[in-house]
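Grab the model and work through these exercises on a ligand site. Try each task before you read its solution.

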Amino acid sequence: MAAALRHFIDTQDFSREELLRIMDLVCLLKEADKAGACPRLLQGASLGMIFEEPSTRTRVSFEVAMTKLGGHALYLRPGEIHLGKRESIRDTAEVISRMVDVIEARTLKHKTVLDLVANSTVPVMNGLTDYNHPTQVVCDVFTMMEHKLPDKSLTDVHVTFVGDATNVCSSLMMICTQMGMHFTHAAPVRYQAPKAWQDIARANIAKSGGTLTVTDDVNAAVKDADFIYTDLWWWIGQEAEIPDRERAFMPKYQVNESLLARAPAQAKFMHCLPASRGVEVTDAVMDGPQSIIYDQSENRLHTEKALLAYFVYPRLKIADPSAIARYRSAVDDFHMRATELVS
Ligand code: CP
């Protein structure tokens, strides 16, 4: 019997234990990749990748992950399919799910990905919405496990996110508090994580331990940080707000060498990328010895392999080789008869 249909839309839909199990799979499939021995678990399977916005890491990591697992990915670029414009989201989801084994979707509105889920008969993976970015943060916590001080347990790790309350900030706040870690968001009051997010994070803390701090005191925020993380200060559609945002964040919330010097020596710098070099972070930090941004990016690939192996592989029908041979022989017979008819 095929495994139950499950989607990957929000880390909050999963327990701490299950997220840790998925990270074990990330570790295993990273090791397999390094040995050139990635198992072809998804042979013959297809992934439909819907993008309403451009992407480098999410697109490349999902597509390469499918290839490495023996499957195939279709890049449905922004504006290329009818989704929600000339066709309802329901019709798109119903049709695509009859043809592919899994859907990845980056949508402008979180509701769009939820509508896809409601009408899809195959797993849907959230590749970023205006609310969250769950595949990114599974990768991020896995990267923190690799780079934390070896004698520190995950629940002793301090993560400080500096900057705007972006979709990545939201997901990172959720997963860190689910893990029982110490999460701080440092931003001007106007750009701090909204109360609704903080309520979810505090409920996580009540279950798993850890702490949540939201502050405008960036120097205090980095004092105990093992990881300092930032993201863009503005995104597509926020162009009119750039002067206000620049005034609010610059220079106090820029991650530069002077801010990094206020953190413990072991502090590492992370960024989901793309970055605006010289804006939310300087070149010296991006390219400096404490930066782990490219290890973090590479781990997107291993994370997507693990998510696909976890949610899709158990659902695939693996045919008995004798059944395949029977169908091949039937097609050969068909051609033989067709040739006799035309000769
Ligand atoms: N971090 C991230 O999601 O990058 P892309 O926008 O390039 O996919």
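**Exercise 1. Find the polar contacts of the ligand and how far the protein covers it.**

Start with Arg300: one of its polar side-chain atoms lies 3.3 Å from an oxygen atom of the ligand. Then go to His133, where a side-chain N or O atom is 2.8 Å from a ligand oxygen. Next, a polar backbone atom of Cys272 is 2.9 Å from a nitrogen atom of the ligand. (Polar contacts here are pairs of N or O atoms within 3.5 Å.) Finally, the protein covers 96% of the 260 Å² of accessible area that the ligand has on its own (Shrake-Rupley method, 1.4 Å probe).

A word on the model: it is predicted, with local features needing pLDDT of at least 70 and side-chain atom pairs pLDDT 80 or more, while totals for chains, interfaces and linings use all residues. Numbering runs from 1 along each chain as its sequence is written, and side-chain values use heavy atoms, without hydrogens and water.

**Exercise 2. Sort the shell around the ligand by residue character.**

List the residues around the ligand, including Ser55, Thr56, Arg106 and Gln136 (a heavy atom within 4 Å). Now sort the shell: 2 are nonpolar, 5 polar and 3 charged.

**Exercise 3. Place the ligand relative to the domains.**

First split the protein into domain 1 (11-133 + 300-315) and domain 2 (134-296), with bounds from an automatic or database assignment. Their C-alpha centres are 25 Å apart. Both domains give residues to the ligand's shell, so the ligand lies between them.

Methods. A polar contact is a pair of N or O atoms within 3.5 Å; within protein, one must be able to donate a hydrogen and the other to accept it, and residues adjacent in sequence count only if both atoms are side-chain atoms. Ala, Val, Leu, Ile, Met, Phe, Trp, Tyr, Cys and Pro count as nonpolar, Asp, Glu, Lys and Arg as charged, and the others, Gly among them, as polar.
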